[in-house]
Amino acid sequence: LTFIDFGVVIIMVVFKYLYALFFLCLVNVFCSNQKDNEITTEAKTFDYEKLRPGYEQEIVDNPNNLEALYNLGVALYRQNDFDNSIKSFDQLLSNKALNDLYYEYGHFNLGNCYFQQKEYKKAIENYDKVLEKNPKNQKALKNKEIAKKMLEEQEKHNKQDQDSEDKNESDKEEKDDKNKQQDKNKNGKDS
């Protein structure tokens, strides 16, 4: 081997190690990003009733455990226990250790809880908070639009119910007045 050949071999070995190091860095970045994204899906694959006591105990042991607060809220949501899910997400969102990721996911899921309870104004408020942090959150945009439509329908239905109640009340008053007039006329004829 000549000196030049030896140099080429060394350069090839160095590049091989740099490539391996680069690949490991990519894997590390991918895995850390995937861990962040798993927050939204972790509780989907488990038996929520079995997980709930564990999350509750983790919160008792460490009230700043954002992951346990979030996962408890999701588990409660998946069990259709929306009142307690709201409490869990409220506790998460009022936590001093709250970071942007849990802020976004917490408000998104809180909005979903309110949506399930047909409290569409509160749902929209929470989706708006998500969109303030992340205007590109397509799920929040979509859910907000659906909540707006549902709110319009709800208000329309409530107005129709109110109009119907007002008409019934007016009809009842009119009937009562008519009955009073008939009674008066009857009493006047009897005298």
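Is N126 buried or exposed? N126 is buried, with a relative accessible area of 6%. I will come back to that residue after a short overview. Please keep in mind that this is a predicted model.

First, the overall picture. The protein has seven helices and zero strands. Read along the sequence, the pattern is therefore α-α-α-α-α-α-α. The protein has 191 residues, and 27% of them are buried. Its accessible surface is about 14,000 Å², and carbon and sulfur atoms account for 54% of that. Among contacts with a separation of 6 or more, 53% are between residues 24 or more positions apart.

Now back to N126. This residue lies in helix α6, which covers residues 120–133. What does N126 touch, leaving aside its neighbours within four places in sequence? N126 is in contact with H107, L110, G111 and Y114. Its relative accessible area of 6% is under 20%, and that is why N126 is called buried.

Next, the salt bridges. Side chains of opposite charge can pair when their charged atoms come close. How many salt bridges does a search of the whole structure find? The search finds five. I will go through some of them.

Start with helix α2, residues 48–61. R52 and E56 meet there through their side chains, with 3.1 Å from N to O. Why are these two about one helical turn apart? Because they are four residues apart in helix α2. R52 is partly exposed at 23% relative accessibility, and E56 is partly exposed at 34%.

Another salt bridge joins E119 and K122. Their closest N and O atoms are 3.2 Å apart. Both partners are partly exposed: E119 has a relative accessible area of 29%, and K122 has 37%.

Then there is D128 with K144, at 2.5 Å from N to O. D128 lies in helix α6 and K144 in helix α7, so this pair ties together parts that are 16 residues apart in sequence. Is K144 buried or exposed? K144 counts as buried, at 17% relative accessibility. Its partner D128 counts as partly exposed, at 26%. The cut-off for buried is under 20%, so the two partners fall on opposite sides of it.

One more point on salt bridges. R52, E56 and D81 are joined into one network by salt bridges that share partners.

Let us move to helix α7, which covers residues 138–190. Q154 has its place in this helix. At 26% relative accessibility, Q154 counts as partly exposed. Which residues does Q154 touch, not counting those up to four places away in sequence? Q154 touches K118 and Y120. E119 comes up here again: the C-alpha atoms of Q154 and E119 are separated by 9.8 Å, and the two residues are 35 apart along the chain.

D161 is also found in helix α7. This residue counts as partly exposed, at 33% relative accessibility. Which residues gather with D161 in a patch of negative charge on the surface? They are E165, E169 and E173.

To sum up, the protein has seven helices and zero strands. N126 in helix α6 is buried, D128 and K144 tie helix α6 to helix α7, and D161 belongs to a patch of negative charge on the surface. That is all I have.

Conventions: Residues numbered from 1 in each chain as written. Predicted model: local features only at pLDDT ≥ 70, side-chain atom pairs only at ≥ 80, totals over all residues. Heavy atoms only, no water. Patch = residues over 30% accessible without salt bridge, like charges linked within 9 Å, V, L, I, M, F, W, Y side chains within 5 Å. Areas by Shrake-Rupley, 256 points an atom, 1.4 Å probe, with all protein chains shown as cover. Salt bridge = Lys/Arg side-chain N within 4 Å of Asp/Glu carboxyl O. Lys, Arg positive; Asp, Glu negative; His and termini not counted. Charge placed at Lys NZ, Arg CZ, Asp CG, Glu CD. Buried < 20%, exposed > 50% of the residue type's maximum accessible area, 1.4 Å probe, protein only. Contact = heavy atoms within 4.5 Å.
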